[in-house]
Amino acid sequence: MVMATENREEMLKQVDDLIEQHKGQPSALIQVLHRVQLLFGYLPADVQIKVANGLAVPLAEVHGVATFYAFFSLYPKGDHTISICKGTACYVRGSSRVLERLEKELQIKAGQTTPDNKFSLQVVRCLGACGLGPVLTVDENVHARLKTDKIPEIIKKYA
Ligand code: FES
């Protein structure tokens, strides 16, 4: 997922216009970040700084909002998104071990994307299949009653 330079410049221009419309208005933060997320597919660090300066919001607050809402991503998304559930039911059935195995196999931490842009890994709070835990989804597909040794096989299926 390589972004062409001219595309990026065009998107940065749109961000500048957006900031201009909301200059010095901290209350517009979520709205502006939402637009940035839609434009870039994530919230690039340099754009977060631009937004913080333009809206007169501390950078720490921008980062706080960006990490609080699941809709926002700090990294470009990969071709496939793996969501591992750490809700209570999955947690007590060992989802932490499944996450550890995923991080080991993919060599990234939760919240990151593999360098080849194939996989993004995220932790979610409940996937609505609590009786089948531990559960993960790869895009729209549910994988239930997970055992850690199933992880390489699941990843291979989407690689
Ligand atoms: S707690 Fe994992 S699916 Fe609900």
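Among contacts between residues at least 6 apart in sequence, 63% join residues at least 24 apart. This figure, like everything that follows, is drawn from a predicted model. The C-alpha atoms of the protein fill a box of roughly 50 × 30 × 20 Å along the principal axes, and 24% of the 159 residues count as buried. Seven helices and four strands are present, and along the sequence they follow the pattern α-α-α-α-β-α-α-β-β-β-α. The protein is divided into domain 1, covering residues 5-68, and domain 2, covering residues 80-158. Taken over C-alpha atoms, the centres of domain 1 and domain 2 are separated by 30 Å.

A convenient place to begin is helix α2, residues 29-40. At 1.5 Å a residue, the twelve residues of α2 should span 16 Å, and the end C-alpha atoms are indeed 16 Å apart, so expectation and model agree. Within α2, V32, L33 and V36 are buried. Seen down the axis of α2, the buried residues fall within an arc of 95° and therefore line one face of the helix. A general property of helices is helpful here: an α-helix has 3.6 residues a turn, so residues three or four places apart point the same way. Following α2 comes G41, which has a positive phi, near 85°.

A positive phi also appears at A56, with a value of about 60°, although A56 is not a glycine. A56 is found in the loop between α3 (45-55) and α4 (59-68). Is A56 buried or exposed? With 10 other C-beta atoms within 10 Å, A56 is exposed, because a count of 12 or fewer places a residue in that class.

Attention now turns to the strands. The four strands form an open sheet in the order β2-β1-β3-β4, with mixed pairing. Strands β2 and β4 (141-143) stand at the edges, and each has a single partner strand, so one side of each is left without a neighbour in the sheet. Neighbouring strands of the sheet are turned by 20° against each other on average, direction ignored. Strand β1 (residues 80-85) runs parallel to strand β2 (residues 119-124), and six bridges join the two. One of the residues involved is C85, whose bridge partner in β2 is V124. Strand β1 also pairs with strand β3 (residues 136-138), here in the antiparallel sense and over three bridges. I82 has V138 as its bridge partner in β3.

Strand β2 also holds V123. V123 has 18 other C-beta atoms within 10 Å and is partly exposed, because that class lies between the limits of 12 or fewer for exposed and 20 or more for buried. Leaving aside residues up to four places away in sequence, V123 touches I84, K86, L99 and A110. Of these contacts, L99 is 24 residues from V123 in sequence, while the C-alpha atoms of the two are 8.3 Å apart in space.

The sheet has a helix packed across it. Helix α6 (residues 95-106) lies across β1, β2 and β3 and runs at about 155° to β1. L106 lies in α6 and is buried, with 20 other C-beta atoms within 10 Å. That count places L106 in the buried class because the class takes in residues with 20 or more such neighbours. Which residues does L106 touch, not counting those up to four places away in sequence? The contacts are T114, F119, L121 and I155. I155 is 49 residues from L106 in sequence, yet the C-alpha to C-alpha distance is 8.4 Å.

Two further backbone features deserve a mention. A cis peptide bond joins G133 and P134, with omega about -5°. P134 is found in the loop between β2 and β3. The other feature concerns R145, which is not a glycine but has a positive phi of about 45°. R145 has its place in the loop between β4 and α7 (151-158), and R145 counts as exposed, with 12 C-beta neighbours inside 10 Å.

Terms used:
Residues numbered from 1 in each chain as written. Predicted model: local features only at pLDDT ≥ 70, side-chain atom pairs only at ≥ 80, totals over all residues. Domains from an automatic or database assignment. Pairing = 2+ DSSP bridges. Contact = placed C-beta atoms within 7 Å. Axes fitted to C-alpha atoms, helices over the stretch in contact; angles between N-to-C directions. Expected span 1.5 Å × (residues − 1). Arc of directions from axis to C-beta.
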